[in-house]
Structure formats: C-alpha cells, structure tokens
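Here are some exercises to work through with the model open beside you. Try each task before reading its solution.

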Amino acid sequence: MPEKTASSIDIFDLLSEADSPDVAKKKRRQELLKPTGVKELFKEGSISVNKYTCAGVQCKLCVKACPTNALYWAAGEVGVIEDLCVYCGACVLNCMVDDCIKVERKREDGVEERFSKPNDVIKLAEKLNAKKRSERVKAVFPTAEDYRERYAKNTDTKNADRT
Ligand code: SF4
Ligand code: SF4
C-alpha cells in the first residue's frame, strides 16, 4: 500500500477518524462520571431548573440529593453541569416545588420519559419494578401454562403430604 503524503491525505479518512461531537461528549461524560461510580442508564436526556419557581437558597434539597454533584448553587440559582447529569430523577423526587425541575430522558429501548413532579418519579419506578418482576416470572415460567403446571404440582404435593 503506498504511503500517504501530505498531498494524498484523504479528508474523509480524517473525518471518520476524528471523534464526532456526540462521541466526544460521551467520552467526556464517561471520564467525569467514572470517579462517582454512577452508571449511565439512559441514552440521552436533558434537565432544566426553573429559577423563578425554585424555593431558593434555604432549600437546596436537589443539590443534596444528586448522586453525581451535577447540581450546585451559585449566583442566586441552581446550576446544572449537564455532563454530570445521568437523568436519574433524584432531584425531582426531592424538590419541594412541582414542575420546578424538568427531566427528559431516552431509555435504551428508545422509550422517552418526561417528569417534573415527585409523584411522576415514583410512578415510573413502580412501572419499572413491575416490568422487572414480570420479566423474572417470564424467565422461569415462559407461558401461563408452565406456571399453572408448576403451581398445580406444588398444590398436589402439599395435599398428598396432608393425607
Ligand atoms: S437527574 Fe438530578 S439528581 Fe439525577 S444526576 Fe441529574 S441533576 Fe443529579
Ligand atoms: S429542590 Fe427545588 S426548590 Fe429546592 S433548591 Fe432545588 S430546585 Fe429549588
């Protein structure tokens, strides 16, 4: 293969080798998040804090709740370091003002979620737990028939032991 000279460098090679803004952002986030030990569970997301409805410096519950220190109090308002936010929702869960913090996130399966009230976060967590429970049951009993068979066997054995 001929060696590349300055005049033969292919610009498309260079572009494909260089990190795209998205890849660079992902790398930067991974580096920043590594020391926190917090995993990124969402493909993408965004967060905003409404400084007009925020209860102010005497509150800071969101700042205390954030597992990655993405939130800080400065210049009379809550600031966000977006690169550190994993869109977990702990700040929304702890915020005393509904719709003050808004989080949008995209799950690995492509489903988009939006929430801005503690109740929204609780409902989402319950939904996720219910889905995980159902997946675990499905792994053991792929069909309802499998479940009935196993259950019926256990009931029969118990009844036989009693007689
Ligand atoms: S969603 Fe809120 S609590 Fe969670 S990482 Fe982002 S700023 Fe911190
Ligand atoms: S928890 Fe809500 S009200 Fe309290 S400081 Fe944070 S954004 Fe403001």
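The exercises below go from the overall fold to the core, the ligand shells and a few loop residues.

This is a predicted model, in which local features need pLDDT of at least 70, side-chain atom pairs count only at pLDDT 80 or more, and totals for chains, interfaces and linings use all residues. Residues are numbered from 1 along each chain as its sequence is written, chains are lettered from A and ligands numbered from 1 in the order in which they are written, and side-chain values use heavy atoms, with hydrogens and water left out.

**Exercise 1. Describe the overall fold of the chain.**

Step 1. Start with the elements, which are DSSP runs numbered from the N terminus (helices are H or I with at least four residues, strands are E with at least two). There are 6 helices and 5 strands, in the order α-α-β-α-β-β-α-β-β-α-α.

Step 2. Turn to burial, where buried means under 20% relative accessible area, exposed over 50% and partly exposed in between (1.4 Å probe, protein chains only). Of the 163 residues, 21% are buried.

Step 3. Take contacts as heavy atoms within 4.5 Å. Among contacts with a separation of 6 or more, 54% join residues 24 or more positions apart.

**Exercise 2. Find the largest nonpolar core and trace what builds it.**

Step 1. Look for buried Ala, Val, Leu, Ile, Met, Phe, Trp, Tyr and Cys residues joined through side-chain atoms within 4.5 Å. The largest such core has 21 residues, and Cys-91, Val-92, Ile-101 and Val-103 have the most contacts inside it.

Step 2. Strand 1 (42-49), helix 4 (90-94), strand 4 (101-107) and helix 5 (118-140) each give two or more residues to this core.

Step 3. Follow Val-92: beyond its neighbours within four places in sequence, its contacts include Ile-101, Val-103, Phe-115, Pro-118 and Val-121.

Step 4. Check helix 5, where Pro-118, Val-121 and Leu-124 are buried. Their cover includes helix 4, strand 4 and strand 5 (112-115).

Step 5. Helix 5 has 23 residues and spans 34 Å from first C-alpha to last, close to the expected 33 Å (1.5 Å times one less than its number of residues).

**Exercise 3. Set the shells of the two ligands side by side.**

Step 1. Collect residues with a heavy atom within 4 Å of each ligand. Around ligand 1 these include Cys-66, Cys-85, Cys-88 and Cys-91; around ligand 2 they include Cys-54, Cys-59, Cys-62, Cys-95 and Cys-100.

Step 2. Sort by class: Ala, Val, Leu, Ile, Met, Phe, Trp, Tyr, Cys and Pro are nonpolar, Asp, Glu, Lys and Arg charged, and the others, Gly among them, polar. Ligand 1 has 10 nonpolar, 2 polar and no charged residues around it, while ligand 2 has 11 nonpolar, no polar and 1 charged.

**Exercise 4. Which loop residues other than glycine have a positive phi, and how buried are they?**

Step 1. Recall that most residues other than glycine have a negative phi.

Step 2. Tyr-87 has a positive phi of about 60°. Tyr-87 sits in the loop between strand 3 (77-80) and helix 4, and is buried at 4% relative accessible area.

Step 3. Asp-99 has a phi near 65° and lies in the loop between helix 4 and strand 4. Asp-99 is partly exposed, at 31% relative accessibility.

**Exercise 5. Locate Asp-83 and list its contacts.**

Step 1. Asp-83 is in the loop between strand 3 and helix 4, and is buried at 15% relative accessible area.

Step 2. Leaving aside neighbours within four places in sequence, Asp-83 touches Lys-25, Arg-28, Arg-29, Leu-32 and Leu-33.
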